[in-house]
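Trainee: I have a new model open in my viewer and would like to learn how to read it. Could you take me through it?

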Amino acid sequence: MKGQQIPYYYEDDGQLIAFMRMGNESVPATPSQLRKLVLRGSGESYYSLKSRYDFGNMLFTKLKSVYKQRTGNTFEETDYESLGLIDENVI
């Protein structure tokens, strides 16, 4: 049965080992799988995490160039939110 506390740990010789389900087995989680499990256990995902970079310091020149090349349109300020790069909390 699925439990409430993700990730699930087993203590062996004083060391905690995180496990995850693979089919009908429980297998030790890799470091990257453990990070995903910790996020999921906290109700977050990688994509919901806030960046450590200040949005105001970013130019996004490559994004704007590729966007123009592929769509023929100029990248607008509103496109940042449309593409999920910022939310309403970014000033």
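Mentor: We will go from the whole chain down to single residues. Keep in mind throughout that this is a predicted model.

Trainee: Then let me begin with confidence. Where in the protein chain is confidence lowest, and where is it highest?

Mentor: The general idea is to look at the average and then at the elements. Here the protein chain has an average pLDDT of 86, and 93% of the residues score at least 70. Confidence is lowest in β1, with a mean of 85, and highest in helix α2, residues 61-71, at 95.

Trainee: How many helices and strands does the protein chain have, and what pattern do they follow along the sequence?

Mentor: Count the elements, then read their order. There are 3 helices and 3 strands in the protein chain, and the order along the sequence is β-β-β-α-α-α.

Trainee: How do I judge the overall shape? What is the radius of gyration of the protein chain, beside that of a compact globule of 91 residues?

Mentor: Set the value beside the one for a globule of that length. A compact globule of 91 residues would come out near 12 Å, but the protein chain has 20 Å. The box around its C-alpha atoms, along the principal axes, is roughly 60 × 25 × 20 Å.

Trainee: And what share of the residues count as buried?

Mentor: In this chain, 11% of the 91 residues count as buried. The exposed area is about 8,200 Å², with carbon and sulfur atoms supplying 52% of it. For contacts, look at sequence separation too: among those between residues at least 6 apart, 19% join residues at least 24 apart.

Trainee: Let me try a single residue. Is P7 buried or exposed?

Mentor: Compare its relative accessibility with the cut-off. P7 counts as buried because its relative accessibility is 11%, and buried means under 20%. P7 lies in the segment before β1.

Trainee: Which residues does P7 touch, beyond those up to four places away in sequence?

Mentor: P7 touches A18, L34, L37 and V38. Take L34: P7 and L34 are 27 residues apart along the chain, yet their C-alpha atoms are separated by 7.2 Å.

Trainee: What about K36, is that one buried or exposed?

Mentor: K36 has a relative accessible area of 61% and is therefore exposed, since exposed means over 50%. K36 belongs to helix α1, residues 31-41. The C-alpha atoms of K36 and I6 are 10.0 Å apart, with their positions 30 residues apart along the chain.

Trainee: Now for surface patches. Which residues form the nonpolar patch on the surface?

Mentor: Look for nonpolar side chains that group together in the open. Here Y9, L16 and V38 form such a patch, with about 300 Å² of accessible area together. Y9 is in strand β1, residues 8-12, and is partly exposed, at a relative accessible area of 44%.

Trainee: Back to helix α2. Which residues is L63 in contact with, leaving aside neighbours within four places in sequence?

Mentor: L63, which sits in helix α2, is in contact with F75 and L85. L63 is partly exposed, with a relative accessible area of 28%. Separation in sequence and in space are two separate readings: L63 and S51 are 12 residues apart in sequence and 17 Å apart in space, C-alpha to C-alpha.

Trainee: One last feature, the backbone angles. What is phi for D13 and for F60?

Mentor: The general idea is that most residues other than glycine have a negative phi. D13 has a positive phi near 55° and is not a glycine; D13 is in the loop between β1 and β2. F60 also is not a glycine, and its phi is positive at about 60°; F60 is in the loop between α1 and α2.

Trainee: Are D13 and F60 exposed or partly exposed?

Mentor: D13 is exposed, with a relative accessible area of 78%, whereas F60 is partly exposed, at 26%.

Definitions and conventions:
Residues are numbered from 1 along each chain as its sequence is written. This is a predicted model: local features need pLDDT of at least 70, side-chain atom pairs count only at pLDDT 80 or more; totals for chains, interfaces and linings use all residues. Side-chain values use heavy atoms; hydrogens and water are left out. Patches are made of residues with over 30% relative accessible area and no salt bridge: like charges are joined within 9 Å, nonpolar side chains (Val, Leu, Ile, Met, Phe, Trp, Tyr) within 5 Å. Accessible areas come from the Shrake-Rupley method with a 1.4 Å probe; for residues, only the protein chains shown count as cover. A salt bridge is a side-chain nitrogen of Lys or Arg within 4 Å of a carboxyl oxygen of Asp or Glu. Helices (H or I, at least four residues) and strands (E, at least two) are DSSP runs, numbered from the N terminus. Buried means under 20% relative accessible area, exposed over 50%, partly exposed in between (1.4 Å probe, protein chains only). The radius of gyration is taken over C-alpha atoms; the globule rule is 2.2 Å times the number of residues to the power 0.38. Contact means heavy atoms within 4.5 Å. pLDDT is the predictor's confidence in each residue, from 0 to 100.
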